[in-house]
Amino acid sequence: MLRRIVITGAAVLAVVLGVQSGAQAAPAPGAPGVGDSYYPDYGNGGYDVGHYDIRLRYHPQTDRLTGTTTILATATQDLSAFNLDFALRTTSVRVGNRPATFVREGDHELVVTPARPLLRGQSTTIVVTYDDVPSSVVAAGYTAWNRTPDGALAVGQPEIAWWWYPSNDHPTDKASFDVSVLVPSGVEVISNGSPTRWAQPELRGWDRWSWRSAAPQATYLAFLAIGDFETYGDETPDGEPIITAYSTRLDPATAAAARTSIERSSEIVDWQAELFGPYPFGPRGGVVAGARELGFALETQTRPVYDGASFARGSNNSLVVHELAHQWFGDSVSVRDWRDIWLNEGFASYAEWLWSEKEGEGTAAEIADYVHSVAWPADDPFWQVVPGDPGATQLFHPAVYDRGALTLHALREAVGDPDFFAILRTWTETRRYGDASTPEFIALAEEISGDELSALFQTWLYTPGRPELEISLLSVP
Ligand code: ARG
Ligand code: ZN
């Protein structure tokens, strides 16, 4: 989403007339990536997406996905060509109502050359049609699209969009989304946000499901869960949908255990809003896939997706707390660079500790003590991975989660509860729907506390080895 639109009068005229000002440099191709430290070719340069309209037809029996995605984008520089991140077989591209040429580069780059260059400040439609079997497509060395016995899951981090819609695939370019899928009658389609069509008959034997994410959303946080689900609907007092869905292939006890946790999502969000500031989104809920179909849970915006196996031994409220805390830390305030991943995982993990304390189980201080001194002994290789720069191959290393959360506990011990919670709330308020970096968090913590904290963060985030941890018995305010 473009937050600052700068168009000079001359540029506006140039856009209207479709001409270029002679004084400016010739239009150039947009960069193939945004220069992320870990994934330099993810995302693209030269334009900013405002909206994705994704219209698909999908058949679970064949895994055939056909579709048209229309992107509303604004050029941020004069562009002779630009890239989309996409891995499926593309059949046509139009830019601004004119056919464009396109060529694949590598496994997830589509280079698009519009019939006429785009001028800085110009907003245009990019219409991409495609037809493929996503489960047969390998990119970045694997297939993130997940075919299940009764449908499919498009759920992944950081890669997933490539297998179902073309995009500017980096958390620094958020947009609103409409997702609409035609599936055989009886098959369900769950996605982010609010349903705008619920199993609406359209062809003999085919129904359409449509969902809208009105708030800015990062590309990896858009999801599809297609298959047979038992769904439940409710509303918040202000009329926002609470939708939960459970794979019908879960065994009854596991499905029941999952419900005891997932059906508390709205309560958990309300509790988190007291600690972290207002819930950034309206719609709520959760989706539980079959056991071992996903292998992880993901904080897909407004409606996390969970693996059924996470409830095989009973309720798992801390997992729900974790994924819902990401709605503030990760989804609303996103990483500017994937190297900043601890800003997501450390914070969501610390939320679990706060929940435990609030529930009258272990206090955050007790958990910090246990994780620091018992779970990970000083000589464990765990302590050699630094959460502030874990490396692309260790994006989800336990150190990012546990040592990230310990970093926050060390900060809390250093600044005290009033400042600590003021830092969290100011962070979510000032960066809402945007992105942020670790140096910005450190600067904010110093500004609010008035303390010099660079040594604390240098030790906890960037220095291999186990730091000392002072623990006093703090309690949740
Ligand atoms: N952000 C997710 C979570 O902490 C983790 C996703 C892990 N992804 C993966 N492909 N293993 O809940
Ligand atoms: Zn997480």
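This report covers a sheet, a zinc site and some backbone features of a predicted model.

Local features need pLDDT of at least 70 and side-chain atom pairs count only at pLDDT 80 or more, while totals for chains, interfaces and linings use all residues. Residues are numbered from 1 along each chain as its sequence is written, chains are lettered from A and ligands numbered from 1 in the order in which they are written, and side-chain values use heavy atoms, with hydrogens and water left out.

**Sheet**

An open sheet with mixed pairing is built from four strands in the order E17-E18-E19-E20. Its edge strands, E17 (229-235) and E20 (305-306), each pair on one side only. Helices (H or I, at least four residues) and strands (E, at least two) are DSSP runs, numbered from the N terminus; two strands pair if DSSP finds at least two bridges between them. Strand E19 (residues 284-288) runs parallel to E20 and is joined to E20 by two bridges. Valine 287 stands opposite valine 305 in E20. Helix H2 (residues 252-262) packs on this sheet and touches E17, E18 (241-247), E19 and E20, contact being heavy atoms within 4.5 Å. The direction of H2 makes about 160° with that of E18; axes are lines fitted to C-alpha atoms, for helices over the stretch in contact, and angles run from 0 to 180 degrees between N-to-C directions.

**Zinc site**

His322 (NE2), His326 (NE2) and Glu345 (OE) coordinate the zinc ion (ligand 2) at 1.9 to 2.0 Å. Donors are N, O and S atoms within 2.8 Å of the metal (3.2 Å for Na, K and Ca); water is not among the atoms, so sites may look incomplete. Along the chain the donors have the spacing H-x3-H-x18-E. Histidine 326 lies in the loop between helix H4 (317-325) and strand E21 (334-335) and glutamate 345 in helix H5 (residues 342-358), so this pair ties together parts 19 residues apart in sequence. Histidine 326 is buried, at 0% relative accessible area, and glutamate 345 also counts as buried, at 1%. Buried means under 20% relative accessible area, exposed over 50%, and partly exposed in between (1.4 Å probe, protein chains only).

**Backbone features**

A cis peptide bond, with omega about 0°, joins glutamine 157 and proline 158. Proline 158 is in the loop between strand E11 (151-154) and strand E12 (175-184). Two residues that are not glycine have a positive phi.

| Residue | Phi | Loop between | Relative accessibility |
|---|---|---|---|
| Alanine 140 | about 55° | E9 (123-132) and E10 (146-148) | 40%, partly exposed |
| Tyrosine 433 | about 65° | H8 (417-430) and E22 (435-436) | 22%, partly exposed |
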